[in-house]
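Visitor: I have a structure open on my screen and would like to talk it through with you. Could you walk me through it?

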Protein chains: 2
Amino acid sequence: MQLSKNNLQDKQNPIYDVIVIGGGAGGLSAGIYLKRYRLSSLMIDKGKARSFWMQELHNYLGLPPDTPGRVLLQRGKEHYASLDGDFLNGFVEEVIDEGQTFAIKVKVGRQNSIEAVFRSKYLIAASGIIDYLPPLDDMRNVYEYAGYNLHVCMVCDGYEMIDKKCGFFAGSEVAIEEMVFNLSWFTPYITIFTHGVFTISEPLRNKLKEYGYPIIETPIHQFVGKNHKMTGVELTDGSLIELETGLISMGSRYHNTYLKDINLELQGNNLLTDKMCRTSHPRIFAIGDLKVGLNQVIIAAGDGALAATAIWREIRRTTGARPWLENLA
Amino acid sequence: MQLSKNNLQDKQNPIYDVIVIGGGAGGLSAGIYLKRYRLSSLMIDKGKARSFWMQELHNYLGLPPDTPGRVLLQRGKEHYASLDGDFLNGFVEEVIDEGQTFAIKVKVGRQNSIEAVFRSKYLIAASGIIDYLPPLDDMRNVYEYAGYNLHVCMVCDGYEMIDKKCGFFAGSEVAIEEMVFNLSWFTPYITIFTHGVFTISEPLRNKLKEYGYPIIETPIHQFVGKNHKMTGVELTDGSLIELETGLISMGSRYHNTYLKDINLELQGNNLLTDKMCRTSHPRIFAIGDLKVGLNQVIIAAGDGALAATAIWREIRRTTGARPWLENLA
């Protein structure tokens, strides 16, 4: 059921088998599997998963290639609800390992918010990452195009950029080094924007020149275009750069601060997991973009199936087999 | 494009980047990713992937839970075709490792079949497994119910069996030991059918008796029911056992004989792979049910994304970055 401020009192006493933090593709797939395994689950979602912004999901087997990400999420939420999964809109602030259980502190409601605590035996961290976007005075201008022809994922949308004039919006020198030359697989017509927030070293500057990729260091005033189709960038000096598409790589924030007091093994900023998505804590699983691996919707969905299955196997083993009572000799 | 006997001559000379063997969920997802990575690919499918038989796919994020497996496959095939992927209905007989390339021998056409040879740099083995069904005189009677309420996968369909009178159709003692007590998580009302093809040892017989699961060793004459809803089993002695659902676990055949001359590492009958689905051969990937892991449609689809991405990264690295020619100083 959908929990809210008014009905969450009753749900704070029972211990859930699993609490899933995050209602994106990974969390929803996990929730569907958990409920079909007859396990009790609460999914806590702060809203707006990364795939919410995808206007067209082009590479998800089974969905027509113009399906918006929010349709996938909506269907998943309905699917999970049809299996009687509990769902709460809220922000997870802290997870406390109590030994046999976890206590999960949640802030519910944006205004007059209240604190609630839920408990579970297992935890699935599926809260993903949030991309940084170019910080303009008018952020609405960025959201006008982000997810349309202004992309955040080369693997997802490289195909849409093939041989188009592409703006590469970087947040650091490392982003340029790691991405630009790979992006050229899809299009060599790359213009690099630093937004004036960092400088590029001489060796990299020379290499970019050698490849013929212009560098624009003047800050961006706004994106230009209409009907969600970005056609260029207006700089703060008034000049206009024409573009047909864009890729943003300004970094991202991992939504895992609630795990900070639990020492989980990391690789960089990603949680290390085994083949079933189990972290270094035996009862915490990490799926989707939080874990080491490829950040793709279809992979996050598969991760959900893996984590839910590993948990089910363990709970099932502990519980033991059920006899057919009436038939007992 | 769709290849056939009439147009496959032209396609036997160029070397594909990747040949995908199998057009089920894993292969199709791989194909979609490969084409979106601007790689050339040929998918060779013998027809009737395991998910083809699933009348309702209940656990695939993004699809309504009554979606037939064949709809997923059809959509995937259309998606792959829309990206200009080559597709051939045929049976792969042999894969020869030629060093830099693989030669793949295919039998095309059931009648007046011809032999064709295609070549590729990489290979994705996605040909899955085929379940054995109870071998009755009238196999059409089995297919009447298989995939409806006569299931082959407990993980997929356990939820549909909850607390129902369930026939467990076993192919061996091991199948009973491994499955029956886990199946009781969903329903304890289990009747075991051996079809008279193997005997059950005393210790297991006693354990089953203790749990109250009846054992039927008389062979099955036919399934009983109507409109694809199985309501019981008629035995060869004429007696009738009422059932509400059934689970078949009579073993399965791995579709990987074409790899027999290439020594790939196995774990049991499954191919061992790394996190990107690469086998012990650096240019052969295995995805879906062929590899070690959980046999689930959503996981096979994620595997396809992993294998395609690993191959793309390698080809991209070998090819190098593209300069913006007209802009070179």
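Guide: What follows is a short conversation about this structure, taking the two chains, their contact, the core and the cysteines in turn.

Guide: This is a predicted model, in which local features need pLDDT of at least 70, side-chain atom pairs count only at pLDDT 80 or more, and totals for chains, interfaces and linings use all residues. Residues are numbered from 1 along each chain as its sequence is written, chains are lettered from A and ligands numbered from 1 in the order in which they are written, and side-chain values use heavy atoms, with hydrogens and water left out.

Visitor: OK, what rotation superposes chain B on chain A?

Guide: A rotation of 180° with 0.0 Å of shift along its axis does it, with an RMSD of 0.0 Å, where the fit is by least squares on the C-alpha atoms of residues with pLDDT of at least 70 in both copies. The two copies are thus related as by a two-fold rotation axis.

Visitor: And in chain B, which C-alpha is nearest the axis?

Guide: That of B:Gly302, which lies 2.9 Å from the axis.

Visitor: How many residues does each chain bring to the contact?

Guide: Chain B gives 71 residues and chain A gives 71 residues, contact meaning heavy atoms within 4.5 Å. Because 100% of the interface residues of chain B are also interface residues in chain A, the copies meet through the same surface.

Visitor: What area is buried between them?

Guide: About 6300 Å² is buried between chain B and chain A, and carbon and sulfur atoms give 63% of that area; the figure is the accessible area (1.4 Å probe) that two parts lose on being put together, summed over both.

Visitor: How many salt bridges cross the interface?

Guide: The rule finds 4 salt bridges between chain B and chain A, each requiring a side-chain nitrogen of Lys or Arg within 4 Å of a carboxyl oxygen of Asp or Glu. One of them pairs B:Asp163 with A:Arg322, whose closest N and O atoms are 3.2 Å apart.

Visitor: Switching to the core, which residues touch the most other members?

Guide: In the largest nonpolar core, which has 134 residues, those touching the most other members include A:Tyr60, A:Ile124, B:Ile176 and B:Phe168. Such a core is a set of buried Ala, Val, Leu, Ile, Met, Phe, Trp, Tyr and Cys residues joined through side-chain atoms within 4.5 Å, and buried means under 20% relative accessible area, exposed over 50%, and partly exposed in between (1.4 Å probe, protein chains only).

Visitor: What is B:Phe168 in contact with?

Guide: Leaving aside neighbours within four places in sequence, the contacts of B:Phe168 include B:Ile176, B:Met179, B:Leu183, B:Phe193 and B:Leu247.

Visitor: Now the cysteines: how many disulfides does the structure hold?

Guide: There are 2 disulfides over all chains, a disulfide being a pair of cysteine sulfur atoms within 2.5 Å. A:Cys153 and A:Cys156 form one, with their sulfur atoms 2.5 Å apart, and this link is right-handed, with 75° about the S-S bond. In chain B, a disulfide joins B:Cys153 to B:Cys156.

Visitor: Are A:Cys153 and A:Cys156 buried or exposed?

Guide: Both A:Cys153 and A:Cys156 are buried.

Visitor: Why is A:Cys166 without a bond to A:Cys153?

Guide: The closest cysteine sulfur to that of A:Cys166 is in A:Cys153, and at 13 Å it is too far for a bond. A:Cys166 counts as buried because its relative accessibility is 0%.
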